[in-house]
Amino acid sequence: MKFFKNIVVPFALLALFAGCSQSQAVSQEKISGADLAKIEADNKAKENYLVIDVRSQNEYSEGHLKHAINIPVGELESRLDELNGYQDKDIIVYCNQSGENSNSAKAKKILDSKGFKKVNLAQGVKEYNYDLYKFASINAAQFNKISSNPDVLIIDVRKKEDYENAHMKGAINIPDGEPIENYKEILNANKDKILISHCYSGNRSAKLSEILQKEGFKAYNLLDGTKEHNYELVK
């Protein structure tokens, strides 16, 4: 990715009329790092946006925004199916920088041209001191592409009674708050697999994904929980 240090881009404040905790659409096309950080930190506000890190997979794996999925700008046009249903929803793109020649600006132009109506450009990770995470985040469309892969283990972080009532095929249950030590045997038996955690809305599962990543597992968090997407569940 090329960096253009001499380009200065003014950032408008995000219009959150009653604060980030309420559901408000982004009205500007440019978002400051401070406003994006507020959205990321608010478990309710973040559900109203899809944040896309358009850097390379290697850069993403080194640290990214907590709720950001990764679609490198060079792959964006060939992976638009992963954004089905977002044409009229708020999308925020970012990379390292945010100048007019940055990859995030290129991504915004691509999405604008493909009919996405609310694409917002945010300050990059080299322009603002975001909290960065190393576990991956995926949306429902990305999950559906890989969920049946034998190298994937699905972890249901919901309450035990909800898991027993209905859950994703092949999923194991590690309820939120349960000590991970209680499940080390089954986790270690799947050490080489991708561990995808999910819950109701992606918040509890994010906590487990962070723990698993720090324990050395290939941890993914499913952003779209069972309250947000109609997954096929079994008894």
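**Exercise 1. Find out how covered strand S2 is, and which way its residues point.**

Solution. Start with the count in this predicted model: 5 of the 5 residues of S2 are buried, so the strand is mostly covered, where buried means under 20% relative accessible area. Next, sort the residues by direction. Tyr49, Val51 and Asp53 point one way from S2, while Leu50 and Ile52 point the other way, and all are buried. This can be set beside a general pattern: in a regular strand the side chains alternate between the two faces of the sheet.

**Exercise 2. Work out which strands pair with S2, and in what sense.**

Solution. Take S4 to begin with. S2 and S4 run parallel and are joined by 5 bridges. To place this pairing on residues, look at Tyr49, whose bridge partner in S4 is Asp90. Now turn to strand S3, residues 68-70. S3 also pairs with S2 in the parallel sense, over 3 bridges. Here a useful marker is Asp53, which stands opposite Asn70 of S3.

**Exercise 3. Describe the largest nonpolar core and say which elements supply it.**

Solution. The largest nonpolar core has 21 residues. Ile52, Leu83, Ile91, Val93, Leu111 and Phe116 are the ones with the most contacts inside this core. Then ask where the core residues come from. At least two each are supplied by strand S2 (49-53), strand S4 (90-94), helix H3 (103-113) and strand S5 (118-122). Of these, H3 gives the largest share, 4 residues. There is also a second, separate core of 18 residues, which includes Tyr183, Leu187, Leu208 and Leu212. As a general background, nonpolar side chains tend to be buried together in soluble globular proteins.

**Exercise 4. Take a closer look at helix H3: which residues are buried, and what covers them?**

Solution. List the buried residues of H3 to begin: Asn103, Ser104, Ala105, Ala107, Lys108, Ile110 and Leu111. What covers them includes S4 and S5. Now follow Leu111 as an example. Leaving aside neighbours within four places in sequence, Leu111 is in contact with Leu76, Leu80, Leu83, Ile91, Val93, Phe116 and Val119. Finally, step just past the helix, where Gly115 takes a positive phi of about 95°.

**Exercise 5. Decide whether Cys95 and Cys199 are buried or exposed, and give the disulfide count.**

Solution. Check Cys95: its relative accessibility is 0%, so Cys95 counts as buried. Cys199 is buried too, because its relative accessible area is 0%. Then recall what is being counted: a disulfide is a covalent bond between the sulfur atoms of two cysteines. With sulfur atoms required to lie within 2.5 Å, the count comes to 0 disulfides.

**Exercise 6. Locate Glu178 and classify its accessibility.**

Solution. Glu178 sits in the loop between strand S8 (172-173) and helix H6 (184-189). Its relative accessibility is 36%, so Glu178 counts as partly exposed. For a sense of place, compare Val157: Glu178 and Val157 are 21 residues apart in sequence, and their C-alpha atoms are 9.3 Å apart in space.

**Exercise 7. Put together a summary of the whole chain.**

Solution. Count the elements: the chain has 7 helices and 10 strands. Add burial: 50% of the 235 residues are buried. Then consider contacts with a separation of 6 or more, of which 65% are between residues 24 or more positions apart. Last comes the surface: the chain exposes about 11900 Å², and carbon and sulfur atoms supply 46% of that area.

Key. Residues numbered from 1 in each chain as written. Predicted model: local features only at pLDDT ≥ 70, side-chain atom pairs only at ≥ 80, totals over all residues. Heavy atoms only, no water. Core = buried A, V, L, I, M, F, W, Y, C linked by side-chain atoms within 4.5 Å. Buried < 20%, exposed > 50% of the residue type's maximum accessible area, 1.4 Å probe, protein only. Contact = heavy atoms within 4.5 Å. Pairing = 2+ DSSP bridges. Areas by Shrake-Rupley, 256 points an atom, 1.4 Å probe, with all protein chains shown as cover.
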